[in-house]
Amino acid sequence: EQLTGPENCLSMNRRGYCFLSASEQGVEAFEHFAETASSFGAGPVRQHRSSIETYCASPSRGIKGPKLSGFDLVYGSKLIREIFPFVTERAKVMLHARRCGWLDAQGLGQVMLSRAKERSAQIIHGAVIGFEMSEGNVTHVHVSQSSGKDTVLECDAFINAAGAWMPSVNAILTPAAPLPLVNELHAKVILNDTRGVIPQDTAPFMVWRDRVSLPWDDDTREGLAEMDDTAEGGIINSASWLQPQPGGQHLRPAGNGRVLLLWEHLHRHIKLPMNPSIPVEGTLDMYPELCIAGLQEMVPGLAQYAGQLDRGTTVDGGYYANSPDGR
């Protein structure tokens, strides 16, 4: 919040994270989560059962507001759709976590880099190729620079902040003690929302909780069963798409008529190498269609794009480095 400043140079918002469910189990789960988080200091829980008179809408931009903390539980599709009319009529409950949102991540990186340079930080482009140790502490880091020149940096401490490449760097530093990290593909569909299904100025980050059966016709089901190549070592596990899928599919507006669509579970079966590639490779060709199929359970209007995605819709992404406790 300090970095974005009063001008909000990072386009930071507090639209919140909205979790939706059409099941009684979802109602119970959301109530339990909100009350538990509140007991740990996450803010008050406000319940809206008969009206949304006391519900505070998030501003399109900015992060300030007296009620943009804690949680709002909204019950019944009528009230939910008064707030977000594009949501399915099947929704029984919405949990709106208020102290959430998103920002310009690249802008944040640039601001942090600028602040570091103001404090005499130097930027070296290259790769870590070795270390020198003394009494268990890193004293020198060997770097192969992009220019082809090797250099040795003296240091009091070394921070391994290589993201998906942390295990690779750690293998150089302490090969006998590997980090317990597993990389997960984080692919996002960038939908060119030409039909304006998702409002750019009001929609929050939205997540569907419940399991979903994808709407395949008989011919498509037959084709998906035949397309599966996992028995031959491939990554197309299309036979599994015929079964009910776990929830967790989510979306948010991304500006300029674009919407980000994600469903991480679809790529979790893919084993990644220690040094994964950038740009991301090996995503499922049908990933955009699968996201559309799953998310239309929450936003029926997305069904307009089934089989109609144009070249303006692309797939991008990166990686999550997960520890055993999921952090």
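This report covers strand pairing and salt bridges in a predicted model.

**Strands β9, β10 and β11**

Strand β9 spans residues 205–208 and pairs with strand β10, residues 250–255, in the antiparallel sense. Two bridges hold this pairing. Within it, Val-207 has His-250 of β10 as its bridge partner.

Strand β10 also runs antiparallel to strand β11, residues 258–262, and five bridges join these two strands. Across this second pairing, Pro-253 stands opposite Val-259 in β11. The connection between β10 and β11 is a hairpin with two residues between the strands. One residue in the turn, Asn-256, has a positive phi of about 55 degrees.

**Salt bridges**

The count of salt bridges comes to 13. Among them are the three pairs in the table.

| Pair | N to O distance | Relative accessible area |
|---|---|---|
| Arg-14 and Glu-1 | 2.8 Å | Arg-14 8%, Glu-1 43% |
| Arg-98 and Asp-72 | 2.7 Å | Arg-98 0%, Asp-72 0% |
| Glu-82 and Lys-78 | 2.9 Å | Glu-82 43%, Lys-78 60% |

The side chains of Arg-14 and Glu-1 meet in a salt bridge. Both residues lie in the segment before β1 (17–21), 13 residues apart, and the pair links distant parts of the chain. Arg-14 counts as buried because its relative accessibility is 8%, under the 20% cut-off. Glu-1, at 43%, counts as partly exposed because this value falls between 20% and 50%. These two residues also belong to a network of salt bridges that includes Arg-99.

Arg-98 forms a salt bridge with Asp-72. This pair, too, links distant parts of the chain: Arg-98 is in the loop between β4 (93–97) and α3 (105–118), while Asp-72 is in strand β3 (residues 71–75), 26 residues away. Arg-98 is buried, with a relative accessible area of 0%, and Asp-72 is likewise buried at 0%.

The salt bridge between Glu-82 and Lys-78 lies within one element, helix α2 (residues 77–83). The two residues are separated by about one helical turn because they are four residues apart in that helix. Glu-82 is partly exposed, with a relative accessible area of 43%. Lys-78 is exposed because its 60% is over the 50% cut-off.

Key
Residues are numbered from 1 along each chain as its sequence is written. This is a predicted model: local features need pLDDT of at least 70, side-chain atom pairs count only at pLDDT 80 or more; totals for chains, interfaces and linings use all residues. Side-chain values use heavy atoms; hydrogens and water are left out. Two strands pair if DSSP finds at least two bridges between them. A salt bridge is a side-chain nitrogen of Lys or Arg within 4 Å of a carboxyl oxygen of Asp or Glu. Buried means under 20% relative accessible area, exposed over 50%, partly exposed in between (1.4 Å probe, protein chains only).
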